[in-house]
Amino acid sequence: MVSVERANPGGAPPAGLNPGELYVVVTGAGGRYEVYVHGELDLSTAPQLREALMGLASEQGAVVTVDLAGVTFVDSTGLTVLIGGLKRLRQCGGDLNLRS
């Protein structure tokens, strides 16, 4: 199960996040965004983070900080999504930062 929300202050996950689930919260406006990621970032959940990052990249010059403090597992697919997000944001005049 994957959930992507906007404007949840602090990016707190819902109570009872199960193993294998991913919860993504996007906050911010005006070209500065924070993406809070909770749960497992793997082959089955990575497409939802990719969708969130690509959506933000469509805003020219967007600066995105991805907070990975709530991530319990990342596989190579998750890393590929983060690198792809960085490349797309930079192509659009923005940037991507990681925070743990």
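Colleague: Which residue has a side-chain polar atom 3.0 Å from the backbone nitrogen of Asp42?
Modeller: This is a predicted model, in which local features need pLDDT of at least 70 and side-chain atom pairs pLDDT 80 or more, whereas totals for chains, interfaces and linings use all residues. Residues are numbered from 1 along each chain as its sequence is written, and side-chain values use heavy atoms, with hydrogens and water left out. A polar contact is a pair of N or O atoms within 3.5 Å; within protein, one must be able to donate a hydrogen and the other to accept it, and residues adjacent in sequence count only if both atoms are side-chain atoms. The partner of the Asp42 backbone nitrogen, at 3.0 Å, is Thr45.

Colleague: Is Thr45 buried or exposed?
Modeller: Thr45 is placed in the loop between E3 and H1, where strands (E, at least two residues) and helices (H or I, at least four) are DSSP runs numbered from the N terminus. Buried means under 20% relative accessible area, exposed over 50% and partly exposed in between, with a 1.4 Å probe and protein chains only. Because its relative accessible area is 1%, Thr45 is buried.

Colleague: Which residues are linked with Arg99 in a network of salt bridges?
Modeller: A salt bridge is a side-chain nitrogen of Lys or Arg within 4 Å of a carboxyl oxygen of Asp or Glu. Arg99 pairs with Glu34, the closest N and O atoms being 3.2 Å apart, and this pair joins strand E5 (residues 95-99) to strand E3 across 65 residues. Arg99 also meets Asp67 at 3.0 Å, N to O, a link from E5 to strand E4 over 32 residues. The residues networked with Arg99 are therefore Glu34 and Asp67.

Colleague: Is Asp67 buried or exposed?
Modeller: Two residues of the network are partly exposed, Arg99 with a relative accessible area of 32% and Glu34 with 26%. For Asp67 the value is 12%, and therefore Asp67 is buried.

Colleague: Which element gives the largest share of the largest nonpolar core?
Modeller: A nonpolar core is a set of buried Ala, Val, Leu, Ile, Met, Phe, Trp, Tyr and Cys residues joined through side-chain atoms within 4.5 Å. This core has 22 residues, and Val35, Val37, Leu49, Leu53, Val64 and Val66 touch the most other members. Elements giving two or more residues include strand E3 (32-41), strand E4 (63-74) and helix H2 (76-91). The largest share, 6 residues, comes from H1.
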